[in-house]
Amino acid sequence: MTAVYTEAWRFLLLGKRGAGKSSAGNTILGWTAFSSDMTLGRVTAACERKAGVVEGKGVAVIDTPGLKGKKDREMVREILKSVSLYRPGPHVFLMVLPVGNLTRDDIHINKLVEKMFGKKVWNYTIVLFTHGDRLEGAALNDIISSADVELREFIRKCSGGYVVFNNKDMRDRSQVTRLLAKIETLVAINGNGCYTTALYPRTERKVREKQEKILEENKEEIMGKEKEIDSLYRAEQLLILNHNLLDCLEDVKAWMSLNVLTLNIVNSFWTP
Ligand SMILES: Nc1nc2c(ncn2[C@@H]2O[C@H](COP(=O)(O)OP(=O)(O)OP(=O)(O)O)[C@@H](O)[C@H]2O)c(=O)[nH]1
Ligand SMILES: [Mg+2]
C-alpha cells in the first residue's frame with residue numbers, strides 16, 4: 001500500500017528540561033531528527049521543526065527548549081512565538097513527563113503554561129510519559145491509579161489522555177501507533193482545529209501584537225539599515241582593493257627600478 005501524504009498534523013513538545021522531548025520527537029519520526037544528550041545540560045536551545053511521514057500521514061514535530069521551573073517566562077514567550085511562526089498552530093501539545101509523580105517544578109511549569117497559553121491549552125494536550133523502560137513490565141494504568149492526586153488531576157485536565165514511550169527502543173513502532181490513535185481522537189474532538197494565537201490569553205495576545213507591530217513599524221528602518229550596512233561593506237571592500245592596488249604599484253615600481261639597475265650594470269660591462 002502506498003503512503004498517502006495528507007494534511008499535516010503538527011505536534012508541539014512541551015516539558016521540563018531533560019524530560020525526553022527531543023527523544024520523543026525522534027521516536028515519533030523514527031529517526032534522529034533532534035539532538036538529545038543529558039550530559040550536555042540543556043540540549044535544545046531554540047524551537048525547531050522537523051517533518052516526516054508517519055504511518056502514511058504527513059506530520060511536523062516542533063521541539064522546544066526545556067523549562068526548568070524558575071524564571072521561565074521568556075522561554076515560554078519564545079515557545080508562544082513559535083506557535084505563531086508555524087501557523088496556523090499545532091493540532092496537539094505533547095506534555096512530556098518522565099514516568100512518576102509530578103515534582104514541584106512540574107507543577108510550577110504547568111501553572112505557567114496555563115497562564116501564558118490560556119486554559120484552553122489543555123483541550124489540545126496529551127500527556128506523553130517517557131522512560132517507559134522503568135515500568136519493567138508493570139501496566140501504566142496501575143502506576144497512574146496509585147499515583148499522587150496532583151498527577152491524576154493534571155491528567156484529568158488534558159483532553160487527550162496519556163501514553164507512554166520507551167525512547168530507548170525507537171524501533172518499537174507500536175508505541176507511536178498508540179499515540180497516533182490518541183491524536184486522531186483528540187483532533188476529532190477539536191473538530192480538526194488546531195490551537196491558534198487567537199486562543200492566547202489577552203495579555204499574551206497583546207504582547208504578541210505589540211512585537212508584530214514593532215517589527216512592522218520598523219520594517220523600513222531595518223531595511224534601510226541593511227542597505228546602509230551593505231554599502232558600508234562595499235565601500236570597505238573598495239578601500240581594501242585600493243590598498244592592494246597601491247601595494248601592487250609599489251611592487252611594480254620596485255621591480256622596474258631593479259630592472260633599470262640591472263640594465264645599467266649590463267650596459268657598463270658591454271660599453272667598450
Ligand atoms: N532510559 C530512557 N532514557 C530516556 C528516555 N527518553 C529520554 N531519555 C534520556 O534522557 C535524556 C534527556 O533526553 P532529551 O530527549 O534530550 O530531553 P529533552 O527534554 O529534549 O531535554 P532538553 O532539550 O534539555 O530540555 C537523554 O539522555 C535521553 O537518552 C526513555 O524513554 N528511557
Ligand atoms: Mg531537547
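# Chatting through a predicted model

Trainee: What share of the 272 residues in the chain is buried?
Mentor: Buried residues make up 26% of them. Keep in mind that this is a predicted model.

Trainee: Okay, and how many helices and strands are there in the chain?
Mentor: The chain has 8 helices and 6 strands. Read from the N terminus, the elements go β-α-β-β-α-β-α-β-α-α-β-α-α-α.

Trainee: Is the chain a compact globule or more spread out than that?
Mentor: More spread out: the radius of gyration is 30 Å, and the globule rule gives 19 Å for 272 residues, so the chain is well over that value. Along the principal axes, the C-alpha atoms fill a box of roughly 115 × 45 × 45 Å.

Trainee: What about contacts in the chain, how much comes from residues 24 or more positions apart?
Mentor: Those pairs account for 76% of the contacts with a separation of 6 or more.

Trainee: Let's go to the largest nonpolar core. Which residues touch the most other members?
Mentor: Leu13, Phe93, Leu94, Val96, Ile126 and Leu128 do, in a core of 44 residues. Strand E4, residues 92–98, gives the most to this core, with 6 residues.

Trainee: Which residues does Leu94 touch, leaving out those up to four places away in sequence?
Mentor: Leu94 touches Phe11, Leu13, Leu14, Ala24, Ile126 and Leu128. Of these, Leu13, Ile126 and Leu128 also appear among the core members with the most contacts to other members.

Trainee: Any general reason to look for a core like that?
Mentor: In soluble globular proteins, nonpolar side chains tend to be buried together.

Trainee: Switching to ligand 1. Which residues come nearest?
Mentor: Gly20, Ser23, Ser36, Thr44 and Gly66, out of 23 residues around ligand 1.

Trainee: And which element gives the largest share of that shell?
Mentor: Helix H1, residues 21–29, with 3 residues.

Trainee: How does the shell around ligand 1 split by class?
Mentor: It has 13 polar, 6 charged and 4 nonpolar residues.

Trainee: Now the helices. How far does H7 reach from its first C-alpha to its last?
Mentor: H7 covers residues 202–217, and its 16 residues reach 22 Å, close to the 22 Å expected at 1.5 Å a residue.

Trainee: Does H7 lie largely in the open or is it buried?
Mentor: Largely in the open, because the number of buried residues among its 16 is 0.

Trainee: What about His243, where is that?
Mentor: His243 sits in helix H8, which runs over residues 219–270. It's exposed, because just 10 other C-beta atoms lie within 10 Å, and the cut-off for exposed is 12 or fewer.

Trainee: How far apart are His243 and Asn101 in space?
Mentor: They are 69 Å apart, C-alpha to C-alpha, with their positions 142 residues apart in sequence.

Trainee: And Arg173, where's its place?
Mentor: In the loop between strand E6 (162–164) and helix H6 (174–189). Arg173 is partly exposed, with 14 other C-beta atoms within 10 Å. Its C-alpha atom is separated by 14 Å from that of Lys57, and the two are 116 residues apart along the chain.

Trainee: Backbone angles next. What is phi of His131 near?
Mentor: Near 60 degrees, a positive value in a residue other than glycine. His131 is in the loop between strand E5 (125–130) and helix H4 (140–145), and counts as partly exposed with 18 C-beta neighbours inside 10 Å.

Trainee: What about phi of Glu136?
Mentor: That one is positive too, near 45 degrees, and Glu136 isn't a glycine either. Glu136 is likewise found in the loop between E5 and H4, but counts as exposed, with 6 C-beta neighbours inside 10 Å.

Trainee: One more: is Asn141 buried or exposed?
Mentor: Exposed, with 9 C-beta neighbours inside 10 Å. Asn141 lies in helix H4. The C-alpha atoms of Asn141 and Tyr162 are separated by 9.6 Å, and these residues are 21 apart along the chain.

Definitions and conventions: Residues are numbered from 1 along each chain as its sequence is written. Chains are lettered from A and ligands numbered from 1 in the order in which they are written. This is a predicted model: local features need pLDDT of at least 70, side-chain atom pairs count only at pLDDT 80 or more; totals for chains, interfaces and linings use all residues. Helices (H or I, at least four residues) and strands (E, at least two) are DSSP runs, numbered from the N terminus. The expected span of a helix is 1.5 Å times one less than its number of residues. A residue is buried if 20 or more other C-beta atoms lie within 10 Å of its own, exposed if 12 or fewer, and partly exposed in between; C-beta atoms are placed from the backbone. A nonpolar core is a set of buried Ala, Val, Leu, Ile, Met, Phe, Trp, Tyr and Cys residues joined through C-beta atoms within 7 Å. Two residues are in contact if their C-beta atoms, placed from the backbone, lie within 7 Å. A residue is near a molecule or strand if its C-beta atom, placed from the backbone, lies within 6 Å of it. Ala, Val, Leu, Ile, Met, Phe, Trp, Tyr, Cys and Pro count as nonpolar, Asp, Glu, Lys and Arg as charged, and the others, Gly among them, as polar. The radius of gyration is taken over C-alpha atoms; the globule rule is 2.2 Å times the number of residues to the power 0.38.
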